[in-house]
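Subject: Handover of a structure and the findings from it

Dear colleague,

Please find below the structure that I am handing over to you. My account of what was found in it follows directly after.

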Amino acid sequence: MTDQWWTSDPVVTPAPQAAPARPQPARQQQRQPAPQIRFADARDALARTLIGEAGNQGDEGMLAVGGVVMNRARSRGLTPEQVVLERNQFEPWGNPETSRRLLSISPDSPEYRRAAALADRVLQGEDVTGGASHFYAPKAQAALGRPKPAWDNGTG
């Protein structure tokens with residue numbers, strides 16, 4: 001026997017015979033696979049993320065999300081596209097339904113044009129966060145039954 005177990009030949013034994021599986025009831029709703037997320041460029045990634053994260057929070061909220069994205073991108077040596085798609089970081093991109101909705105927004109729509117104009121400001125260096133690399137909405141977290149993040153200094 002060798003000490004390098006990963007180089008040994010596999011041992012194959014026949015599976016025990018089991019009764020045929022009973023058919024499972026059909027699921028009520030089939031989940032759609034997550035869409036392949038591709039952005040036209042950094043501006044597109046930011047605009048769609050601003051809509052998804054803060055589209056209902058006015059220009060200041062959208063600019064704050066953009067500032068966080070760019071602060072993370074600078075500090076980590078990443079592109080805005082890479083930052084917004086990091087796992088468990090920007091909630092809209094982790095939800096297949098929301099991702100599909102955001103990717104379907106036409107660049108000619110007023111919603112997109114507004115977000116793109118704000119993304120341009122962020123890409124030009126505007127940062128309303130003062131260098132923040134994280135954000136969260138305390139009321140939204142509480143409504144979801146989630147505790148505040150460890151890094152929260154009480155200001156949200």
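Helices and strands are taken here as DSSP runs, of at least four residues for a helix and at least two for a strand, and are numbered from the N terminus. On that basis, the protein chain has seven helices and zero strands, and its pattern along the sequence reads α-α-α-α-α-α-α.

Confidence in the model

Please bear in mind that this is a predicted model. The protein chain has a mean pLDDT of 79, with 66% of its residues at 70 or more. Among its elements, helix α6 (residues 110-123) has the highest mean pLDDT, 98, whereas helix α7 (residues 138-143) has the lowest, 64. Two stretches call for separate mention. Over residues 1-18 the pLDDT stays under 50, and the model shows two contacts beyond four places in sequence for them. Residues 27-33 are likewise below 50 in pLDDT, and this stretch has four contacts in the model beyond near neighbours in sequence.

Overall packing

Of the 156 residues in the protein chain, 29% are buried. Among contacts with a separation of 6 or more, 66% are between residues 24 or more positions apart.

In soluble globular proteins, nonpolar side chains tend to be buried together. In this model the largest nonpolar core has 27 residues, and the members that touch the most others are M62, V84, F90 and W93. Helices α1 (42-54), α2 (58-76), α3 (80-84) and α6 each give two or more residues to this core. The largest share, seven residues, is contributed by α2.

The aromatic pair

W93 also appears in a second setting. Searching the whole structure gives one aromatic pair. Its partners are F39 and W93, in an edge-to-face arrangement with 5.2 Å from centre to centre and 85° between the planes. Because F39 lies in the segment before α1 and W93 in helix α4, the pair ties together parts 54 residues apart in sequence. F39 counts as buried, with 15% relative accessibility, and W93 also counts as buried, with 8%.

Salt bridges

Side chains of opposite charge can pair when their charged atoms come close. The structure holds five salt bridges, and three of them are described here.

Which residue does R43 meet in a salt bridge? The partner is D120, with an N to O distance of 2.7 Å. R43 belongs to helix α1 and D120 to helix α6, so this salt bridge ties together parts that are 77 residues apart in sequence. R43 is partly exposed, at 33% relative accessibility, and D120 is partly exposed at 26%.

A further salt bridge joins the side chains of D44 and R48, with 2.7 Å from N to O. These two residues are four apart in helix α1, which means that about one helical turn separates them. D44 and R48 are both buried, whereas R43, the residue before D44 in numbering, is partly exposed.

The side chains of E86 and R76 also meet in a salt bridge, again with an N to O distance of 2.7 Å. E86 lies in the loop between α3 and α4 (91-94) and R76 in helix α2; the two residues are 10 apart, and the pair links distant parts of the chain. E86 is partly exposed at 24% relative accessibility, and R76 is partly exposed at 38%.

Two asparagines

Is N71, which lies in helix α2, buried or exposed? N71 is buried, because its relative accessibility is 10% and the cut-off for a buried residue is under 20%. The side chain of N71 makes a polar contact of 3.2 Å with that of T129. Apart from neighbours within four places in sequence, N71 is in contact with D127, T129, G131 and A132.

N88 lies in the loop between α3 and α4. Although N88 is not a glycine, its phi is positive, at about 60°. N88 is exposed, with a relative accessible area of 70%.

In reading these findings, please keep in view the pLDDT below 50 over residues 27-33 and under 50 over residues 1-18.

Yours sincerely

Conventions:
Residues are numbered from 1 along each chain as its sequence is written. This is a predicted model: local features need pLDDT of at least 70, side-chain atom pairs count only at pLDDT 80 or more; totals for chains, interfaces and linings use all residues. Side-chain values use heavy atoms; hydrogens and water are left out. pLDDT is the predictor's confidence in each residue, from 0 to 100. Contact means heavy atoms within 4.5 Å. A nonpolar core is a set of buried Ala, Val, Leu, Ile, Met, Phe, Trp, Tyr and Cys residues joined through side-chain atoms within 4.5 Å. Buried means under 20% relative accessible area, exposed over 50%, partly exposed in between (1.4 Å probe, protein chains only). A salt bridge is a side-chain nitrogen of Lys or Arg within 4 Å of a carboxyl oxygen of Asp or Glu. Rings of Phe, Tyr and Trp (its six-membered ring) pair if their centres lie within 6.5 Å; planes under 30 degrees apart count as stacked, over 60 as edge-to-face and the rest as tilted. A polar contact is a pair of N or O atoms within 3.5 Å; within protein, one must be able to donate a hydrogen and the other to accept it, and residues adjacent in sequence count only if both atoms are side-chain atoms.
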